[in-house]
Structures are given as C-alpha cells and as structure tokens.
Amino acid sequence: MGLLIDGQWHDQWYDTGKTGGAFVRTEAQFRDRVSADGSTPYPAEAGRYHLIVSLACPWAHRTLIFRKLKRLEGVIGVSIVEPLMLADGWTFAGPEPVTGATRLHEVYTRAEPGYSGRVTVPVLWDRQTSSIVNNESAEIIRMLNRAFDAFTDVRTDFSPPDLLDEIDRINGFVYDRINNGVYKAGFATAQDKYEAAFDALFDALDEVDALLATRRWLVGNRLTEADWRLFTTLVRFDAVYVGHFKCNKRRIADYPHLSGYLRDLYQVPGVADTVNFDHIKRHYYGSHATINPTGIVPKGPALDLDAPHGRDALGPDPLAA
Ligand SMILES: N[C@@H](CCC(=O)N[C@@H](CS)C(=O)NCC(=O)O)C(=O)O
C-alpha cells in the first residue's frame, strides 16, 4: 500500500492522523471520457481501450459487470492485478500485456511521469495514446453503458435519462453510507469515527431493506446502475466486511429483503462469472496488515448465492427492456 509523489513510489498506509482517525477517500484524477460520437479526444473504437482491474475491488467490479452485461468482452480487453496489495501496491503476475508494467504505479507514471496521488483500480487505458482515460469507476460504467453501443447488440440502458435524477440521488446515499461506509468503518483508527460509520451504515442498510420489501429494484421498477453499485458491496459484505471491517451488527443474510435481492442480482446471467471470492478474501485479509497482522484468511462463511431468491413477483425480470 502506498502512493506516488512527483512520480516516485512511497510505501505508506492511509494517513488518518490529519482527520482525527477518520478515513477520507481522495478524488480520482483522470477524468476524460470515451464518446460515441467523437466529441471527446477519445472516440469509441473496438480494441483501443483496455481495463485494468482487481477482482477483489468493489469499484473495479462495477466495470467488469458492465463490460459483461453489455457484451463488450471482444471490444475492451481486461488485465487483472494480483490479489495482494503490499509494499509495491497493486502488481501483475508478469509483465502486463498492454503496457508491459509489472506494477500498477508504472502504468500511472507512464501516463503522467510526475503523477502524485493514489494508484487505484479500475483504470481505463488508451492503447493509442498510451494514457489513462479515466480512473473513476462511476464514470467508466457510464461510458460502458452507452458509448460503445456501435460495437455491441445489447441495447439495455442501465442509466435511462428519465431515471437519471433518481439514480444519482440513490447513488449518492448508497456511496456515502454503504459503498464507502464499510471502508469508513474498516479503515477508521479512532473508536468514535468507527462507531459513527457503523451506525450510518446499518441505518442505511435498514432503510434499503425496507425499500426492497415492496419493489424488486431500487429505482423506477427496473434494474439500473444503482442496483449494480449496491451489489458490489453487498456481495462482499458477509465474506469480508462483517469480520475484517467490523461491520457486524447484522449480515446481509439476516436481512429479509436484501438477502434475496443480492441473490437476484448474482443470478443475472454472466454476473456470477465476475465474482471471485478467492481474490476478494485473500486481498482484504492479506493486504491490510494494520487490521489483520497475521494475514490469516477465514475459511467461512458458507454462502449459497445460487439459492432461490423469491423476488420474481416484485417486479420485472432484470434484463427486461
Ligand atoms: N474512486 C475510485 C476508487 C477506487 C479505489 O479506491 N480502489 C481501491 C481498490 S478497492 C484501490 O485501488 N486502492 C489503492 C489505494 O488506495 O492505494 C473508483 O471508484 O474508481
């Protein structure tokens, strides 16, 4: 775990000293867009863009789900980092085929030699200009949703314009309290900061569980981006966040509606292929020595995400037009 300062790698853990023990996530810095119509410096093309992801990471996971559901596997390549993130940060098993890098920070300095900041996944790389187009998953999934439609026959729109305001509203709540909420609890180094994040997280999960009692999906009675953004945290919750991040008031399995909702999303064709519990568990339990110094990875829990979800009657099928 570390960061780049003026292009030099420094191995250091998150600095919570300045924030009274609270974990504060920094903004992603590469924010360009791929456009369908060539209105940006990065026009959509087949074979030009490449994703670099971790199978452990909930933010990167969003991009893998969109690539899969939009059937863009032949259009946008993927490289996967090793599960453990240690002194060199994210690394590759051998030279990464597109950039030749063996450590992710080399990809960042290749794009910007004097880069200062965190070295995170996902990365959307442009092979033509050897640059990083974007390293913010929220924006990458918006690009995958529509910008590459000329190269796929999947017309599903996970962020339809008429639902966008509501999707953004739910995303804001879910990001702050749940997606990032588990990290605020897990990376806190002061008891009060941990407890505040814990309470906010479980209040939010209670709220979302109640919402899902009467509807199958979060927004507009159809499956949207908002559901996928919640999914990548829910699927890691019982395996990692309950124990490793001390988010142990309840498991997702204990929630009457969230538990079936999680299975419903997991069972959408193609999605299970994007979930890798081996990487997920080895990454978290093995990479955060300040939280789990022995690096021992728990064997459990036994999860059965293929069990019937029982939610068909609450709303339309996931990929219904
Ligand atoms: N805002 C980014 C956050 C990505 C992020 O924080 N990824 C984590 C992995 S789960 C990471 O690479 N962390 C490395 C670090 O912070 O040094 C996004 O959503 O794309």
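Visitor: Which residues are closest to the ligand?
Guide: This is a predicted model. In it, 14 residues surround the ligand. The closest are Cys 57, Trp 59, Arg 118, Thr 120 and Ser 137. A residue joins this shell if its C-beta atom lies within 6 Å of the molecule.

Visitor: How do the residues of that shell divide?
Guide: The shell has 8 nonpolar, 4 polar and 2 charged residues.

Visitor: What makes the protein chain as compact as a globular protein of its length?
Guide: First, its make-up: the protein chain has 9 helices and 9 strands. Its radius of gyration is 19 Å, and the globule rule gives 20 Å for 321 residues. The two values are close, so the chain is as compact as a globular protein of that length. The C-alpha trace spans about 50 × 50 × 35 Å along its principal axes.

Visitor: How many of the residues count as buried?
Guide: Of the 321 residues, 39% do. The cut-off is 20 or more other C-beta atoms within 10 Å.

Visitor: Why is Asp 6 called exposed?
Guide: Asp 6 has 10 other C-beta atoms within 10 Å. The limit for exposed is 12 or fewer, so the label holds. Asp 6 sits in the loop between S1 and S2. Its phi is near 50 degrees, a positive value in a residue other than glycine.

Visitor: Is Lys 246 exposed, partly exposed or buried, and what is the reason?
Guide: Lys 246 has 17 C-beta neighbours inside 10 Å. Exposed stops at 12 and buried starts at 20, so Lys 246 counts as partly exposed. Lys 246 lies in the loop between H7 and helix H8 (258-266). Its phi, near 60 degrees, is positive in a residue other than glycine.

Visitor: What makes the peptide bond before Pro 122 cis?
Guide: Look at omega. From Val 121 to Pro 122 it is near 0 degrees, and the bond is cis. Pro 122 is placed in the loop between strand S7 (117-118) and S8. The peptide bond from Gly 300 to Pro 301 is also cis, with omega near 0 degrees. Pro 301 is in the segment after helix H9 (277-287).

Visitor: Which residues have the most contacts inside the largest nonpolar core?
Guide: They are Ile 52, Leu 104, Val 121, Ala 185 and Leu 258. This core has 84 residues. Helix H7 (residues 225-241) gives the largest share, 10 residues. The core draws at least three residues from each of domain 1 (3-151) and domain 2 (161-269 + 306-314).

Visitor: What does Leu 104 touch beyond its neighbours within four places in sequence?
Guide: Leu 104 is in contact with Ile 52, Val 81, Gly 89, Trp 90, Val 119 and Val 121. Each of these pairs has C-beta atoms within 7 Å, so each counts as a contact. Leu 104 is one of the buried residues of helix H2 (residues 104-111), with His 105, Glu 106, Val 107 and Tyr 108. The buried residues of H2 pack against several strands, among them strand S5 (49-53) and strand S8 (123-126).

Visitor: How do you know that domain 1 and domain 2 are in contact?
Guide: 13 residues of domain 1 are in contact with 15 residues of domain 2. Helix H1 (58-69) and helix H3 (137-146) each supply at least two residues of the side of domain 1 that touches domain 2. H1 gives the most, 4 residues. This side of domain 1 divides into 6 nonpolar, 5 polar and 2 charged residues. The C-alpha centres of the two domains lie 24 Å apart.

Note on methods:
Residues numbered from 1 in each chain as written. Predicted model: local features only at pLDDT ≥ 70, side-chain atom pairs only at ≥ 80, totals over all residues. Rg over C-alpha atoms; globule rule 2.2 N^0.38 Å. Nonpolar A, V, L, I, M, F, W, Y, C, P; charged D, E, K, R; others polar. Core = buried A, V, L, I, M, F, W, Y, C linked by C-beta atoms within 7 Å. Domains from an automatic or database assignment. Contact = placed C-beta atoms within 7 Å.
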